[in-house]
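Visitor: I am new to this structure and would like a close look at one part, the second largest pocket. Which kinds of residue make up its lining, and what can be said of the helices that supply some of them?

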Amino acid sequence: MNVAIIGTGYVGLVTGAGFAETGNQVLCMDIVPEKIENLRKGIIPIFEPGLEEIVKFNVAEGRLRFTLDLKEAVDSSDVIFLALPTPPGADGAADLSMVLDTAQKIAKIATKTKVVVNKSTVPVGTADKVRAIFDANTKIPMHVVSNPEFLKEGAAVQDFMKPDRIVIGSRDPNAIEVMKELYEPFVRTGNPIYIMDERSSELTKYAANSMLAMKISFMNEIANICDLVGADVDHVRVGIGSDGRIGPQFLFPGAGFGGSCFPKDLKALIKTSEEFGHDFSILKAVNEVNDRQKTKLLDKILKHYGGNVKGKTFAVWGLSFKPRIDDIREAPSIEIINGLTSHGAKVNATDPAAIAPMKNVLPENANLKYFRKNMDALEGCDALVVVTEWNEFRNPNFELIATKLKDKVIFDGRNIYDPERMRENGFTYYGIGRR
């Protein structure tokens, strides 16, 4: 099948490479010349395990191409995926300007019927808006489909190639058959394709992310209660996670969630609810809890030092909001670093992938230095602060850490170390919700 992907960001690039991997002819379009030129050379703009390999392979095989020309993308395709940014506005509502503007351009360019698929995360009613644009700007019948993505950063390629489920929002039998044919290679082991109306499909995406964010914030609140009453959140987590109605996933407390999805989608669903006259109070609480959680580790640091960290230096391990990616959007590390430096401390920061993007947000200065190797970041520091649970941080040489730190103090924002082992090694150890 001939497929066009409009937008080569995280979702668009993974989607395009995934469809090319199953034999489709895919043309990815973007408006940024440097990005397209780099992609043609095999230079990937994001850090995502496995993505570079399948992009390069399918480019070499001639199944995956890149262009700056929207007309070329439209003319060459039967199915057009809109994978465009929908950033939050000042009021939290998703900005649909790029999606709607592109739909209008497609309407004026198209010379035959197309299946146009909203792959971007969009509010309820967006498919109706896109369809209205086509009705107003072209006499050619255009099929509009909602097809939300459920990709986890750090495992996006695997999620696309082996999805838990495919959600197709459409009431058009012809469009549904086209989408089924496109996705059939990915569900041969029996994972379901769910067909529903467009609005239900659009809401499914927001509901899924909001539910996951709610589990995280709930567990963070349980961890905070554990700190106060002397319970151990690891025991509580296992105790409730064994209940089949709850399950063990997303029950790990920490320094709060970040990224481009959960914070943005929470705000967008809250705003959509307000527009329809509903006060989504649970989601507002999830958002508030997460904002507070990002400062909990800083609070523990300040309490340990009696509120005065001026002149002290802290090694911060982990900048991305989660491991295996370089995404720092809404990352807790930003709050922690800014909090430490605003109290007069210095920070030595390291991350396996996210140093470059973090430098764009927090440039290196007299109070903030970046180190490529995690052990180098420890040199002369008063304490270690772990913010992201990268695998290479999980089982370090604690004897070496002890020789590099001025004081044997560890603040573990992801509970990746065993408190008993830390005590045996002579460390003063602080976790989240642990005795």
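**The second largest pocket and its helices**

Guide: The residues that line the second largest pocket divide into 16 nonpolar, ten polar and 13 charged, where nonpolar stands for Ala, Val, Leu, Ile, Met, Phe, Trp, Tyr, Cys and Pro, charged for Asp, Glu, Lys and Arg, and polar for the others, Gly among them. The model is predicted, with local features needing pLDDT of at least 70 and side-chain atom pairs pLDDT 80 or more, while totals for chains, interfaces and linings use all residues. Residues are numbered from 1 along each chain as its sequence is written, and side-chain values use heavy atoms, without hydrogens or water.

The second largest pocket (an open set of points on a 1 Å grid over the protein atoms alone, where a 1.4 Å probe fits, with protein on both sides within 12 Å along at least five of seven lines) has a volume of about 1,000 Å³, taken as the space filled by probe spheres on points joined across faces, edges and corners. Its lining, meaning residues with an atom within 4 Å of a point, numbers 39 residues, and the closest to the centre of the pocket are Gly9, Tyr10, Ala83, Leu84 and Pro85.

Helix 1, helix 5 (97–109) and helix 11 (262–275) each supply at least two lining residues, and the largest share, four residues, comes from helix 5; helices here are DSSP runs of H or I, at least four residues long, numbered from the N terminus.

Two of these contributors also pack against other helices. Helix 1 (residues 10–21) lies with its axis 9 Å from that of helix 3 (residues 51–60), at an angle of about 55°, the axes being lines fitted to C-alpha atoms over the stretch in contact and the angles running from 0 to 180 degrees between N-to-C directions. In that packing, Leu13, Val14, Ala17, Gly18, Ala20 and Glu21 of helix 1 are in contact (heavy atoms within 4.5 Å) with Leu51, Ile54, Val55, Phe57 and Asn58 of helix 3. Sorted by class, this contact has eight nonpolar, two polar and one charged residues.

Helix 11, for its part, crosses helix 9 (residues 198–229) at roughly 115°, and the two axes come within 9 Å. From helix 9 the contact takes in Leu203, Lys205, Tyr206, Ala207, Asn209, Ser210, Leu212, Ala213 and Ile216, and from helix 11 it takes in Phe262, Asp265, Leu266, Ala268 and Leu269. By class, the contact between helix 9 and helix 11 has ten nonpolar, two polar and two charged residues.
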